[in-house]
Amino acid sequence: MAIPRQLPNAITVARIPLAVVFFVLLLVGGTYGLADLTVRWIAAVLFIVAISTDWVDGYLARRYDIVSDFGKLWDPIADKLLTGAGFVGLAILGEVSWWIVVIILVREWGITIHRLVVASEHVVAAAWMGKIKTAFQGVALGWALVPLHVFIGLGPWTVVTTVLMVIVLVLTVVSGIDYIVAQVRGARQSR
């Protein structure tokens, strides 16, 4: 079965408006204490569906050998918009500490800006550690977004959310260091 060559890129691009809709719904749904649980559930499900498309577009591009420079560049940007909306939204609602969000966003957007700057010379695809980091961010954000506190209690939900966010923070920083080291080595080898 043939698929349209631009389908993976279209899926990537679709994550960008989904990130905006998700962000608005998250803020409208509110925090766990004052939440409109229906809207919060919708926001959480939309996030989970949107972040899952990251796997789908990558799988299609590799499976049908239609990996493109556009996809290599824009896939991580779409991911960062979506996860960034999740982190910022949860921080605005007071559910995740701002200091964690700031460190994550500085790393994420610093590397994204570097990718854009060097895009005219070469496209830097995501490394395996960055992919693991993104997957774990999706899992941690999915957990934090779904209002499971209703079922398990606010205390246990908060503990799990905090542990997951600290793990995400560590993975984000470590993968950022890995990216910088790889870029420095690559620059030295190209001389």
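**Packing and surface of an all-helical predicted model**

Leaving aside its neighbours within four places in sequence, Phe22 touches Ala43, Leu46, Phe47, Leu82, Ala85, Gly86 and Leu145, where contact means heavy atoms within 4.5 Å. The structure is a predicted model, in which local features need pLDDT of at least 70, side-chain atom pairs count only at pLDDT 80 or more, and totals for chains, interfaces and linings use all residues. Residues are numbered from 1 along each chain as its sequence is written, and side-chain values use heavy atoms, with hydrogens and water left out.

Phe22 also takes us to the interior. Together with Leu145 and Met165, Phe22 is among the residues with the most contacts inside the largest nonpolar core, which has 28 residues. Such a core is a set of buried Ala, Val, Leu, Ile, Met, Phe, Trp, Tyr and Cys residues joined through side-chain atoms within 4.5 Å; buried means under 20% relative accessible area, exposed over 50%, and partly exposed in between, with a 1.4 Å probe and protein chains only. Two or more residues of this core come from each of helix H1 (7-29), H2, H3, helix H4 (98-118), helix H5 (128-145) and helix H7 (154-189). H2 provides the largest share, six residues. In soluble globular proteins, nonpolar side chains tend to be buried together.

The overall architecture comes next. The protein has seven helices and zero strands, and its elements run α-α-α-α-α-α-α from the N terminus on. Helices (H or I, at least four residues) and strands (E, at least two) are DSSP runs, numbered from the N terminus. The C-alpha trace spans about 55 × 40 × 20 Å along its principal axes. The radius of gyration is 17 Å, which agrees with the value near 16 Å for a compact globule of 191 residues; this radius is taken over C-alpha atoms, and the globule rule is 2.2 Å times the number of residues to the power 0.38. Of the contacts with a separation of 6 or more, 80% join residues 24 or more positions apart. Buried residues make up 42% of the 191 residues.

Helix H3 (residues 69-92) offers two close-ups, beginning with Pro76. Pro76 counts as buried because its relative accessibility is 7%. Beyond its neighbours within four places in sequence, Pro76 is in contact with Gly71 and Arg115. Pro76 and Thr134 are 58 residues apart in sequence and 8.9 Å apart in space, C-alpha to C-alpha. Thr83, also found in H3, is buried, with a relative accessible area of 2%. Outside that same four-place window, Thr83 contacts Phe47, Ile51, Gln137 and Leu141.

The loop between H2 and H3 holds Asp65, which has a positive phi of about 55° although it is not a glycine. Most residues other than glycine have a negative phi. Asp65 is exposed, with a relative accessible area of 65%.

On the outside, the protein exposes about 9900 Å², and carbon and sulfur atoms supply 72% of it. These areas come from the Shrake-Rupley method with a 1.4 Å probe; for residues, only the protein chains shown count as cover. A nonpolar surface patch is formed by Leu37, Trp41, Val45, Val49, Val150, Phe151 and Ile152, with about 620 Å² of accessible area together. Patches are made of residues with over 30% relative accessible area and no salt bridge, like charges being joined within 9 Å and nonpolar side chains (Val, Leu, Ile, Met, Phe, Trp, Tyr) within 5 Å. A salt bridge is a side-chain nitrogen of Lys or Arg within 4 Å of a carboxyl oxygen of Asp or Glu. Helix H2 (37-63) and helix H6 (149-152) each supply at least two residues of the patch, and H2 gives the most, with four. Val150, in H6, counts as partly exposed at 45% relative accessibility.
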